[in-house]
Amino acid sequence: MEQQPMQTYNLSQPEKQDRPQSPPAQYPPPRAKGQGCFGFFAMLFVMIFIAMFFIGMMASVGGIDLTGISSGKTKLRTEHFMHNKDAKDKIAVIRIEGVIYESSTGFIKRQIEAVVDDPNVKGVVLRVNSPGGTVSGSDYYLHHLQEMKIHHEDADGKEKELPIVVSMGPVAASGGYYVSMCGDRIFAEPAGVTGSIGVIMQMYNGHELFGKIGLEEVDITSHRLKGMGSFGRPITEEEEAIWQDIVNQMFSMFTDVVKEGRPQFAEDPDKLTEIATGQVYTAKQAVENGLIDEVGFIEDAIDWLIAEAGLDKEKVNVIRYKHEPTVSEILFGVKSNSQSMDIEETVSDLTTPQAYYVVPNMVPMHPDED
């Protein structure tokens, strides 16, 4: 049998095969200087254009008043509420809703400013649906409502006292009753509650908890009273007496305001002492005790005000103000609340003594809709 010759392989040089050659690597040509910046700004311009388009659409469909944005002072938009929407003379509804906190830029303050700036407003309906709030916040808004009432200027630039009627919603108690003292007449809904004339100062003390977890508060102060009301140690009798005196003074301020707003109590202070226990009253009980004038709805209050201002229903436009959406609210659906509290404020509330004209656990669940 013939022997086949042995095949040899060259291990140093791989055998050449007919295989397709990979094309040389291609690199993008060098970008012209400034080309990247141009693309970024072009995209930014498109995004701004789209955002402004949607804002314009919302303004035309939803009636958003965007005037004043360039000047930094956005006006509140208004909506027709009752009677003749084309009338020049106006009755304005100012709403105070939820827990009252002081804010110089919030919705309540801006409603007051809108009335001050509008000489065509001939009267105000103060719609209150609030369990009250801080002492400072309640007093702040009462002050500005009274200033608005006394110093309102008409179309001729002359100051003329502005009639105010109060329309109480489901809850208008404590601080909600306090701000109502600017009214010339007070109406309350049949199923509503009001009153609660009093002050509460809540302090949270965690010294027993600190003891359980081995934590101790050490205060280095200039005086022993500097740290009174501290969260981490028990309150002393001396400190409690001081806080009680503060509460008493704020309660006296409350009753003085009520005597000014309801003169019958100035003539009979014992009657006020009898009912100023912090208790809430139904609308019927409030009338019987002289806290309000009439049981009725907002329409009844408006009718009274129109007559008081010497106006004609057919020739008056009853308006109310609406919280205008911000750009973030329009684009992202995030609703801001000028009176909402963040975590830092909540912690501060828990650890810092604060006096309130408020009914605890009586926040309106369904404030008046926009």
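Is E113 buried, partly exposed or exposed? E113 is partly exposed, with a relative accessible area of 26%. The close-ups below come from a predicted model.

**View 1. A salt bridge within helix α2 pairs K109 with E113.** The two side chains meet at 2.8 Å, N to O. Both residues lie in α2, which spans residues 107–116. They sit 4 residues apart, about one turn of the helix. K109 has 11% relative accessibility, so K109 counts as buried. Its partner E113, at 26%, is partly exposed.

**View 2. Salt bridges that share partners join E79, R320 and K322 into one network.** Side chains of opposite charge can pair when their charged atoms come close. E79 meets R320 at 2.5 Å, N to O. E79 lies in strand β1 (residues 77–83) and R320 in strand β11 (residues 317–322), so this pair ties together parts 241 residues apart in sequence. A salt bridge also links K322 with E79, at 3.8 Å, N to O. K322 lies in β11 too, and its pairing with E79 in β1 ties together parts 243 residues apart in sequence. What is the exposure of each member? E79 is partly exposed, at 22% relative accessibility. R320 is buried, with a relative accessible area of 18%. K322 is buried as well, at 11%. The salt bridge count for the protein comes to 12.

**View 3. The largest nonpolar core has 53 residues.** Those with the most contacts inside this core are V115, L126, L145, M148 and L291. Helix α3 (residues 135–150) gives the most to this core, with 6 residues. Which residues does M148 contact, leaving aside its neighbours within four places in sequence? They are I94, I112, V115, V116, V124, L162 and I164. A second, separate core has 13 residues. Among them are F187, A301, I302 and V318.

**View 4. Strand β6 pairs with both β5 and β10.** β5 (residues 164–173) and β6 (residues 185–188) run parallel, joined by 4 bridges. V165 has R185 in β6 as its bridge partner. β6 also runs parallel to β10 (residues 294–295), and 2 bridges join them. Here A188 has V295 in β10 as its bridge partner.

**View 5. L272 is a buried residue of helix α8.** The helix covers residues 269–275. L272 has 2% relative accessibility; the cut-off for buried is under 20%, so L272 falls in that class. Not counting residues up to four places away in sequence, L272 touches I197, T255, V258, K259 and F265. L272 and L291 are 19 residues apart in sequence. Their C-alpha atoms are 9.2 Å apart in space.

**View 6. L209, I213 and L215 form a nonpolar patch on the surface.** Together they have about 300 Å² of accessible area. L215 lies in the loop between α5 (207–213) and α6 (237–261). L215 is partly exposed, with a relative accessible area of 45%.

**View 7. The whole protein has 12 helices and 12 strands.** How much of the protein do buried residues make up? They make up 37% of its 370 residues. Among contacts with a separation of 6 or more, 76% are between residues 24 or more positions apart. The accessible surface comes to about 22,900 Å². Carbon and sulfur atoms hold 56% of that surface.

Definitions and conventions:
Residues numbered from 1 in each chain as written. Predicted model: local features only at pLDDT ≥ 70, side-chain atom pairs only at ≥ 80, totals over all residues. Heavy atoms only, no water. Patch = residues over 30% accessible without salt bridge, like charges linked within 9 Å, V, L, I, M, F, W, Y side chains within 5 Å. Areas by Shrake-Rupley, 256 points an atom, 1.4 Å probe, with all protein chains shown as cover. Salt bridge = Lys/Arg side-chain N within 4 Å of Asp/Glu carboxyl O. Buried < 20%, exposed > 50% of the residue type's maximum accessible area, 1.4 Å probe, protein only. Core = buried A, V, L, I, M, F, W, Y, C linked by side-chain atoms within 4.5 Å. Contact = heavy atoms within 4.5 Å. Pairing = 2+ DSSP bridges.
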